[in-house]
Amino acid sequence: MKLPRLPRAAALLACVAGAMLLPALATAAAPGIPAVVVQGTPGGQSYSLTLQLLILMTAVTLLPSIFLMMTAFTRIVIVLSILRQAIGAGQSPPNQVLIGLSLFLTFFVMAPVVDQINVNAVQPYMAGTIETTEALQRAAVPLKKFMLGQTRESDIATFVRISGGQGFDKPEDVPLSILVPAFATSELKTAFQIGFLIFIPFVIIDLVVASVLMSMGMMMLSPVLISLPFKIMLFVLVDGWSLVMGTLAASFYK
């Protein structure tokens, strides 16, 4: 039994989510699971749910986790959080603003990947020229290529060793079960490296202000209170937000 054609947006999300459960979808049996039995007619009418559709709907519920762990979102949101902490302005910008910036910058970074998935997988699937399994296989290719480009070989080797594997001949042979945790680990490391570089100029300002206050004997005055306007002024003068956003976006496509 073939799966019903989904709307374009739902099909795009389903292809990305279904890539994680590709082995299960490929081996799912065609017969369906009895779902509803209508007793209005003699003998009743039975409606079944195919295993493929059941697995696909389960994959859709994993979209938030997939979005966090398989896209640029993790690196971006961590760097922006460290930037806010380095400025020392408390909750400014608030969490909602940081999440919104991270989401839209993630959409910007992932746009080429989404376009490839749409052209190679979603459009042929919507046109009925390919089946679900092939659509998921095609959707996984650009996503894996993006993740491999951001993942360190040492992180992949670590998870291959943990899983007891013997390595792979080509990077494209790395399964998502190993690539996803390796990608997340690499993203965390990269985010903290960028955050460290962002933190340095603000720490220098704090040290200078603290030293000046100590030399003037004003030890009871908080250095953070005095240094905050200078850090904000410096960040605005160098057009910090555009600089950080542009550097973050460029870091994914070297």
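# A guided tour from T71 through the helix contacts

Select T71 to begin: leaving aside residues up to four places away in sequence, T71 touches I66, T106, M110, F146, F183 and E187. The model you have open is a predicted one, and every value on this tour is computed from that model. T71 sits in the loop between helix 4 (63-69) and helix 5. Is T71 buried or exposed? Its relative accessibility is 9%, so T71 counts as buried, the cut-off for that class being under 20%.

**Step back to the whole chain**

Colour the chain by secondary structure, and you should find 11 helices and two strands. Read from the N terminus, the order of elements is α-α-β-β-α-α-α-α-α-α-α-α-α. Of the 254 residues in the chain, 37% count as buried. If you draw the contacts between residues at least 6 apart in sequence, 71% of them join residues at least 24 apart.

**Helix 7 against helix 9**

Next, select helix 7 (132-150) and helix 9 (176-215), and keep F146, F183 and E187 highlighted, since these residues were among the contacts of T71. The axes of helix 7 and helix 9 are 9 Å apart, and the two helices pack at an angle of about 45 degrees. That angle falls in neither the parallel, the antiparallel nor the perpendicular range, which means that helix 7 is oblique to helix 9. Seen along the line of view between them, helix 7 and helix 9 make a left-handed crossing. On the helix 7 side, show K144, F146, M147, L148 and Q150, and on the helix 9 side, show L176, L179, V180, F183, S186 and E187, which together make the contact. By class, the contact of helix 7 with helix 9 is made up of seven nonpolar, two polar and two charged residues.

**Along helix 9 to helix 5**

Keep helix 9 selected and add helix 5 (73-87). The axes of helix 5 and helix 9 come within 9 Å of each other and cross at roughly 25 degrees. Because angles under 35 degrees count as roughly parallel, helix 5 is roughly parallel to helix 9. The crossing of helix 5 and helix 9 is right-handed. From helix 5, the residues to display are T74, R75, I78, V79, I82, L83, Q85, A86 and I87, and from helix 9 they are E187, L188, T190, A191, F192, I194, G195, I198, F199 and F202. Sorted by class, the contact of helix 5 with helix 9 has 13 nonpolar, four polar and two charged residues.

Two residues of helix 9 deserve a separate selection here. The first stop is L188, which lies in helix 9 and is partly exposed, with a relative accessible area of 38%. Not counting residues up to four places away in sequence, L188 touches T74 and I78. A distance label between the C-alpha atoms of L188 and I76 should read 10.0 Å, although L188 and I76 are 112 residues apart in sequence.

Then select F192, also placed in helix 9. How exposed is F192? The relative accessible area of F192 is 52%, so F192 counts as exposed, for which the cut-off is over 50%. With its neighbours within four places in sequence left aside, F192 is in contact with I78 and I82. F192 and I78 are 7.6 Å apart from C-alpha to C-alpha, with their positions 114 residues apart in sequence.

**Helix 6 against helix 11**

Now select helix 6 (95-127) and helix 11 (240-250). Helix 6 and helix 11 pack at an angle of about 40 degrees, and their axes are 10 Å apart; the two helices are therefore oblique to each other. Helix 6 passes helix 11 in a right-handed crossing. Show L101, L105, F108 and V109 in helix 6, which meet M245, L248 and A249 in helix 11. The residues of this contact divide into seven nonpolar, no polar and no charged.

**Finish in the core**

For the last selection, turn to the largest nonpolar core, which has 45 residues, and in which F146, M147, I156, V244 and L248 have the most contacts. The elements that give two or more residues to this core are helix 5, helix 6, helix 7, helix 8 (153-163), helix 9 and helix 11. Centre the view on V244, which touches V79, L80, L83, I198 and F235, not counting residues up to four places away in sequence. In soluble globular proteins, nonpolar side chains tend to be buried together.

Conventions: Residues are numbered from 1 along each chain as its sequence is written. This is a predicted model: local features need pLDDT of at least 70, side-chain atom pairs count only at pLDDT 80 or more; totals for chains, interfaces and linings use all residues. Side-chain values use heavy atoms; hydrogens and water are left out. A nonpolar core is a set of buried Ala, Val, Leu, Ile, Met, Phe, Trp, Tyr and Cys residues joined through side-chain atoms within 4.5 Å. Buried means under 20% relative accessible area, exposed over 50%, partly exposed in between (1.4 Å probe, protein chains only). Helices (H or I, at least four residues) and strands (E, at least two) are DSSP runs, numbered from the N terminus. Contact means heavy atoms within 4.5 Å. Axes are lines fitted to C-alpha atoms, for helices over the stretch in contact, and angles run from 0 to 180 degrees between N-to-C directions. Angles under 35 degrees count as roughly parallel, over 145 as roughly antiparallel, 65 to 115 as roughly perpendicular and the rest as oblique. A crossing is left-handed if the near helix is turned anticlockwise from the far one by less than a right angle, and right-handed if clockwise. Ala, Val, Leu, Ile, Met, Phe, Trp, Tyr, Cys and Pro count as nonpolar, Asp, Glu, Lys and Arg as charged, and the others, Gly among them, as polar.
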